[in-house]
Amino acid sequence: MEDQQHAAGDLTDESPDAGDVVETDAPETEAAETPDSESGDEPAVDDENVDDTTEAEEPAPGFRERRPAGKWSLIAAAVAAVLFVGSAAFAGASVQPYLTDRATVEIKLRVARTAANAITTLWTYTPANIDKLADRASQYLSGDFEASYRKYIDAIAAPNKQAQITNSTQVTGAAVESLNGADATAIVYTNTTSTSPATKDVPSLKYLSYRLAMQRNHSHWLVTKMTTVTSLDLTPKF
């Protein structure tokens, strides 16, 4: 039938050829007029809308304005110098007592060591070397005490040599009792053993402690006086 419509989508026979121009009812748009690049005319500018002040450009993100570093460098250097001087002064004030105490300890150790060596030398001998005992001990003695000790040894040397007495002194402790400039006092604790054929070599044991007055002579400490503080006879009794 002539009035029958074509099936939906069946537009093959009536579709325009590829070369035909299809006209549409859409209104034509006029191309925007652009100023002629060749002409010297420039677009008009509304003077009323122009702001005389020029706004500063915004800095790019992450950009920081640089400021003169000279002033801050001088301030930082001044602060560092003050801190250094202050810390140096504090360190010096702290170290000085430490150095003084350390020096005192070293002197006391020297006094105690000299006192211990002196007592060991003074009271250790054998029949073979008692004759030279005063000479060996003289390096630790001074003044009147040296003369008194030499006189004492000269008196006992012959009898002890005849009796074949051997004396051995072992220092068990030494301490500085006082220290005042070039003068010092030390306490020395000893165990002394004596043997002799007369006693069938049964040792005679004594616990002795001495107080030594000492004086510094240049870099050496010398004994100027000695007294016995403790004397205990620990010889076994049969």
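**A nonpolar core and an aromatic cluster**

Of the 238 residues in this chain, buried residues make up 18%. Please keep in mind throughout that what we are looking at is a predicted model.

Let me begin with the overall layout, which you can follow along the chain from its N terminus. The chain has 3 helices and 4 strands, and their order, read from the N terminus, is α-α-α-β-β-β-β. If we take the contacts with a separation of 6 or more, 53% of them are between residues that stand 24 or more positions apart. As for the outside, the accessible surface of the chain comes to about 18800 Å², and carbon and sulfur atoms account for 53% of that surface.

Now to the inside. In soluble globular proteins, nonpolar side chains tend to be buried together. In this model the largest nonpolar core has 27 residues, and the ones with the most contacts inside it are Leu-122, Leu-141, Tyr-149, Leu-212, Met-214 and Met-226. At least two residues of this core come from each of the helices α1 (70-122), α2 (133-137) and α3 (143-162), and likewise from each of the strands β2 (183-195), β3 (204-217) and β4 (220-233).

Which residues does Leu-122 touch, once we leave aside its neighbours within four places in sequence? Leu-122 is then in contact with Leu-133, Ala-137, Leu-141, Phe-145, Tyr-149 and Met-226.

Let me turn to the aromatic rings, where a search of the whole structure finds 2 aromatic pairs. In one of them, Trp-123 and Tyr-149 meet edge-to-face, with 5.8 Å from centre to centre and 75° between the planes. This pair links distant parts of the chain, since Trp-123 sits in the loop between α1 and α2 while Tyr-149 belongs to helix α3, 26 residues apart. Both Trp-123 and Tyr-149 are buried.

Why is the pair of Trp-123 and Tyr-152 called edge-to-face? Their ring centres are 6.0 Å apart and their planes stand at 75°, and planes over 60 degrees apart count as edge-to-face. Because Trp-123 lies in the loop between α1 and α2 and Tyr-152 in helix α3, this pair ties together parts that are 29 residues apart in sequence.

Are these two residues buried or exposed? Trp-123 has a relative accessible area of 14% and is therefore buried, since buried means under 20%, whereas Tyr-152, at 41% relative accessibility, counts as partly exposed.

To put the rings together, Trp-123, Tyr-149 and Tyr-152 form one aromatic cluster.

Notes: Residues are numbered from 1 along each chain as its sequence is written. This is a predicted model: local features need pLDDT of at least 70, side-chain atom pairs count only at pLDDT 80 or more; totals for chains, interfaces and linings use all residues. Side-chain values use heavy atoms; hydrogens and water are left out. A nonpolar core is a set of buried Ala, Val, Leu, Ile, Met, Phe, Trp, Tyr and Cys residues joined through side-chain atoms within 4.5 Å. Buried means under 20% relative accessible area, exposed over 50%, partly exposed in between (1.4 Å probe, protein chains only). Contact means heavy atoms within 4.5 Å. Accessible areas come from the Shrake-Rupley method with a 1.4 Å probe; for residues, only the protein chains shown count as cover. Rings of Phe, Tyr and Trp (its six-membered ring) pair if their centres lie within 6.5 Å; planes under 30 degrees apart count as stacked, over 60 as edge-to-face and the rest as tilted.
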